[in-house]
Amino acid sequence: MTITETSPGSAVRAPETGAPAEQTWTPRLWGVLAVLCAVLFLDGLDVSMVGVALPSIGTELGLSTTSLQWIVNGYVLGYGGLLLLGGRTADLLGRRRVFLTALAVFAVASLVGGLVDDGTLLIVTRFVKGLAAAFTAPTALSILTTSFHEGPARNRALSVFSVFGASGYSSGLILGGLLTSFGWRWTFLTPVPLAVLALVAGIALIPRDKAAANGGHDLVGAVTLTGGMLLAVYTVVSAPDRGWLDPVTLGSVALAAALLAAFVVTEKKVRHPLIRLGILRIGTIVRANLSIIALFGSYLSFQFMMTLYLQDVLGWSPLRMAMALLPAGLLVAFGSPFVGRLITRYGTPRLIISSMLSLSLGYVWFLATAGDSPHYAFTILPTMLLLGGGFAFGFSSIMAQATDGIDDSEQGLASGLVQTSGQVGAALVLAVVTALVAGGAHGGGGDFGEFHPGVNLVSGVAVVGLALNVIPLFRRYRPKHVSVSITSESPVQVTSD
């Protein structure tokens, strides 16, 4: 029987053998990928542009440093706390509907953020944008993984997808520096027309899909999971200022743990759980989620420290700082298109190990050569190149491993799970890094010494990520113990364990 392609994600099989045939990349399929990439580009663009504009925002609106951090952390709270709910909602209500609705909310929140004159309202718009991204990000990835067949086609699409994420963040660093000179509001308003264009193209190109025929909304699970995740992220973000042993911090930790425990109990009992806990028994899925924590947590925390050092300690301009960190983003942008072929040829485990090794070497090189005044050409530039190579190898490989072998009905869950791990894991690592840096501050002009504890931590995170992926290889290739016994009554007996 021959099955012909009726939609971007439909099956194509060879008429004689029934084996999957190579997928044809039609103009509409390219268009769908372009829309998904544009939205990922906007996410990266928005985060980096706003980060560069924070000092100008604080000056105009009269915000303290503590208030300014919530412009960033408000986005993290909305994004990291609701990603899993976003992915599951897409599976249940339909990916197209959820994706387009969330993209429209993102555009409106961007517009409002660029017009408000109150710091609290600005933080609220950032939370709403994070919430919208929590639905667009896993939905975009699940649309991609269901539109492109598992194998070379999907690996290639994921590589292209990764390029736009890296390009968005890199472009945002530069655009943020340029636009801030005209006014910080442009960093909020610039994404609006791009989001509207993506929305129009998505309406025209993304094929309609049906809501799940079976299943339901696990409201108790959604409330306990979202509440627990939001409270956990809030706790680790606010603890450095309040104190880790403060009663409010300890109470927040206890309440977050109770909510997450209630979520696990709920998922075991409800008929239609938000998360099928059995997915966490798949070793490759678990390693992918732990690897994304090591990748995002170490990379973003190191970049945060370098931003503080270059701007606050050395007094570099935002644009100069952006150009100094740009080589890592460029390496990701130009290297990611080739990762899909490497995944097809060598598999995700080897690529992820290469990623973690490159990250680890980058941090170790920095620690070995930085001292108290790291030289850019000798220390910072080689480190950024190694980190860029690690990110280029790792992101696509981890995303592919996190969704390989998962049924289409759970692609939103799998992609939401891995992205949640990345965001919440990065928030946790960054919170601890911030506490370490604050504790080691001694006010030395031009001195990098106060940042060394933070670099030690991110180095450890990367090395743990490397170990988690290397150890299974030793188990797989461990030689079996063979025993040979010879008796007069029986022939040679060979046993192995």
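A nonpolar core is a set of buried Ala, Val, Leu, Ile, Met, Phe, Trp, Tyr and Cys residues joined through side-chain atoms within 4.5 Å, where buried means under 20% relative accessible area, exposed over 50% and partly exposed in between, with a 1.4 Å probe and protein chains only. Hello everyone, let's keep that in mind as we go through this one.

A word on the source. This is a predicted model, so local features need pLDDT of at least 70 and side-chain atom pairs count only at pLDDT 80 or more, while totals for chains, interfaces and linings use all residues. Residues are numbered from 1 along each chain as its sequence is written, and side-chain values use heavy atoms, with hydrogens and water left out.

First, the overview. The protein chain has 16 helices and 2 strands; these are DSSP runs numbered from the N terminus, H or I of at least four residues for helices and E of at least two for strands. Of its 497 residues, 51% are buried. Contact here means heavy atoms within 4.5 Å. Among contacts between residues at least 6 apart in sequence, 79% join residues at least 24 apart.

Now, which residues touch the most other members of the largest nonpolar core? They are F99, L295, F302, M306 and L310, out of 81 residues in that core. M306, leaving out residues up to four places away in sequence, touches L325, F366, I380 and F448. There is also a second, separate core of 17 residues, including I285 and V424.

On to helix packing. Axes are lines fitted to C-alpha atoms, for helices over the stretch in contact, and angles run from 0 to 180 degrees between N-to-C directions. Angles under 35 degrees count as roughly parallel, over 145 as roughly antiparallel, 65 to 115 as roughly perpendicular and the rest as oblique.

Take helix 3 (residues 95–113), which has two partners to show you. With helix 4 (residues 119–147), the axes come within 8 Å and cross at roughly 150°, so helix 3 and helix 4 are roughly antiparallel. Core residue F99 is among the helix 3 residues that meet helix 4. That contact divides into 14 nonpolar, 7 polar and 2 charged residues; Ala, Val, Leu, Ile, Met, Phe, Trp, Tyr, Cys and Pro count as nonpolar, Asp, Glu, Lys and Arg as charged, and the others, Gly among them, as polar.

With helix 7 (residues 191–205), helix 3 packs at about 160°, with the axes 9 Å apart, and this pair is therefore roughly antiparallel. The helix 3 side includes L100 and A104, and the helix 7 side includes A195 and L199. By class, there are 12 nonpolar, 2 polar and 1 charged.

For a contrasting direction, look at helix 11 (residues 318–335) and helix 14 (residues 376–403), which pack at about 30° with axes 7 Å apart; they are therefore roughly parallel. L325, among the helix 11 residues in this contact, is also touched by M306. The contact has 13 nonpolar, 2 polar and no charged residues.

Finally, two single residues. Is L158, in helix 5 (residues 152–180), buried or exposed? L158 is buried, with a relative accessible area of 2%. Beyond its neighbours within four places in sequence, L158 is in contact with L141, L144, S396, M399 and A400. S459 in helix 16 (residues 452–476) counts as buried at 8% relative accessibility, and S459 touches Y363 and L367, again not counting residues up to four places away.

Thanks for listening!
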